[in-house]
Amino acid sequence: MFNAGLLEGTPSFSDGAQCWGDAKGTLLSTVTRDANRGLVPMTVQHTIRNEDKTSWGMHWRATKSGYNGIDVATHTNISDDDKGLTPARKDVCPNMHRFRDKNHRKKNCAEKAGVRSAGAEAYEHAVYAYSERRLEWAKSNMNTATKEYLGKAPDEEQYLRSAFLAGKHVRGHATSNEIESWNNAQNASGLRNSSPLKMMEIAVSNCDKFLNEKHAEAMKVNDAAPPRVRKWLLSGGELGKNAKDYEVLSWQGFGQRIARVIHRAYPESVYIANLNDGTCTCCRPQVVEGPFCVHLTTSANTAQFDLTHHLKPWDTTARLRAQYEKAMAGRTNIIPPSTADLALMPKQPLKKPAAVPRKPGRPADECRQMSALEMATNKNKCKVCGLYGHKPGSKKC
């Protein structure tokens, strides 16, 4: 729907889902987020094959051809490591950065011998460690088995802080929950339970309805920040944290632009929030590439400062409108499937095959391996008498 330029700074998410219709097979999907953090399908394919390198290779080639310029080191794709997805992506899009899905990897940690739940929790803390000191602390709490298991992959493929330092745009996304919810939505619409023709009709209908709704919503936004982004600016956007639990301890200098923020229950931890450049000593705004943390929000609410000035282009209403205007412009290229075009031959009753006389003797055993001598003489050698022309145990010996 969007081109690669309108996907700047936004990761994509890929996964496969099993289908239960007449043709069964697998639904391979790659989705992304728009400027309002809403799900947007990029490439959706149905294959009668299971998930393997061949099917994913076709999917990635279609994605690369549809989004020219997406195979760059700054674009991140978040997925699991199962069923041929990773090797196919490496072959087709060798420059694309990969990030391992946190949910699947945490589950693997919990099931790994010697790692278990304690190692899985330590891994999750390391994923969302936004500062170097926090990341090193999380790594130090891992047991030997956890360190050995996680050490097999580069840090920039599993930790947000390391990916940020490597210049990758993960922006705080570490799970493929986005693609999981997309698969569930397709299941609710009946797409995964239908015949191939019906799947095409549902997919086109869903896409058309999606574009109409999202385009209308984008055109109604008058704020500089999309609705979900504005909500994050007012709340901090951190899961499990409430900006109301924090307060400004003091201001540095004049103009109320640099604040010392504390948690009311833990006043010993002090964070410096800078409203001039939208940064904080917790390092979260730098890693997620946006002014989203409870310390900045607390400071901005106290000083009545609008954090919209520090939004990146991919979090603005202007980008949201440009994305759906581009999608609507390509809407005319969507061709609904026609069952008449697919009826290549009229239905005729099957005819019984012509009867042929059966050859005398026992049918040949195709599984039997013949020796070189048998292949040369085309005769069997008896293991009892050593003569050719019959098998052991027959009446001739």
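This is a chat about a predicted model of one protein chain.

Trainee: What is the chain made of, in helices and strands?

Mentor: The predicted model has 15 helices and nine strands. The chain runs to 397 residues, and 42% of them count as buried.

Trainee: And what share of the contacts join residues at least 24 apart?

Mentor: That share is 58%, taken among contacts between residues at least 6 apart in sequence.

Trainee: Let's take one helix. How many residues are in helix 8?

Mentor: Helix 8 covers residues 177–188, which is 12 residues. From its first C-alpha to its last it reaches 16 Å, close to the 16 Å expected at 1.5 Å a residue.

Trainee: Which residues of helix 8 are buried?

Mentor: Glu178, Ile179, Trp182, Asn183 and Gln186 are the buried ones. Looking down the axis of helix 8, those buried residues fall within an arc of 135°, so they line one face of the helix.

Trainee: What about the other side of helix 8?

Mentor: Asn184 and Ala188 are exposed there.

Trainee: What covers the buried residues of helix 8?

Mentor: The cover includes strand 1 (12–18), strand 2 (26–33), strand 3 (39–47) and helix 9.

Trainee: What comes just after helix 8?

Mentor: Gly190 does, with a positive phi of about 85°.

Trainee: Which residues other than glycine have a positive phi?

Mentor: Two to look at are Arg171, with phi near 55°, and Gln256, with phi of about 50°. Arg171 is in the loop between helix 7 (160–165) and helix 8. Gln256 is in the loop between strand 6 (246–252) and strand 7 (258–263).

Trainee: Is Arg171 buried or exposed?

Mentor: Arg171 counts as buried, at 6% relative accessibility. Gln256 is partly exposed, with a relative accessible area of 36%.

Trainee: New topic, empty space. How much lies in the largest pocket?

Mentor: About 1600 Å³. The lining of the largest pocket has 38 residues. Tyr128, Tyr130, Glu238, Lys241 and Arg284 are the ones nearest its centre.

Trainee: Where does the largest share of that lining come from?

Mentor: Strand 8 gives the largest share, four residues. Among the other elements that each supply at least two residues are helix 3 (102–111), helix 4 (116–127), helix 5 (132–140), helix 8, helix 10 and helix 11.

Trainee: How many cavities of 30 Å³ or more does the structure hold?

Mentor: One. The largest cavity has about 40 Å³ of space. Its lining is Thr10, Arg33, Asp34, Ala35, Arg37, Arg171, His173, Trp314 and Asp315. Arg171 is the residue we met above with phi near 55°.

Trainee: Back to helix 3. Where is Arg105, and what does Arg105 touch?

Mentor: Arg105 is in helix 3. Leaving out residues up to four places away in sequence, Arg105 touches Asp81, Arg100, Tyr123, Tyr149, Leu150, Ala153 and Gln158. At 7% relative accessibility, Arg105 counts as buried, because the cut-off for buried is under 20%.

Trainee: Last topic, aromatic rings. How many aromatic pairs are there?

Mentor: The count is three aromatic pairs. In one of them, the rings of Phe210 and Tyr324 have centres 6.3 Å apart and planes at 55°, so that pair is tilted.

Trainee: Why does 55° make the pair tilted?

Mentor: Planes under 30 degrees apart count as stacked and those over 60 as edge-to-face, so the rest are tilted.

Trainee: Where do Phe210 and Tyr324 lie?

Mentor: Phe210 is in helix 9 (residues 196–220) and Tyr324 in helix 13 (residues 317–329), so the pair ties together parts that are 114 residues apart in sequence. Phe210 counts as buried at 16% relative accessibility, and Tyr324 counts as buried at 1%.

Trainee: What about the rings of Trp232 and Phe292?

Mentor: Their centres are 5.7 Å apart and their planes at 85°, so the pair is edge-to-face. Trp232 is in helix 10 (residues 227–235), while Phe292 is in the loop between helix 11 (284–288) and helix 12 (294–303). The two residues are 60 residues apart, and the pair links distant parts of the chain.

Trainee: Is Phe292 buried or exposed?

Mentor: Phe292 counts as buried, at 1% relative accessibility. Trp232 is partly exposed, with a relative accessible area of 29%.

Note on methods: Residues numbered from 1 in each chain as written. Predicted model: local features only at pLDDT ≥ 70, side-chain atom pairs only at ≥ 80, totals over all residues. Heavy atoms only, no water. Phe/Tyr/Trp six-rings, centres within 6.5 Å; stacked < 30°, edge-to-face > 60°. Buried < 20%, exposed > 50% of the residue type's maximum accessible area, 1.4 Å probe, protein only. Expected span 1.5 Å × (residues − 1). Arc of directions from axis to C-beta. Contact = heavy atoms within 4.5 Å. 1 Å grid on protein atoms, 1.4 Å probe; cavity = no way out; pocket = protein on both sides within 12 Å on 5 of 7 lines; lining within 4 Å. Points joined across faces, edges and corners; volume = space filled by probe spheres on them.
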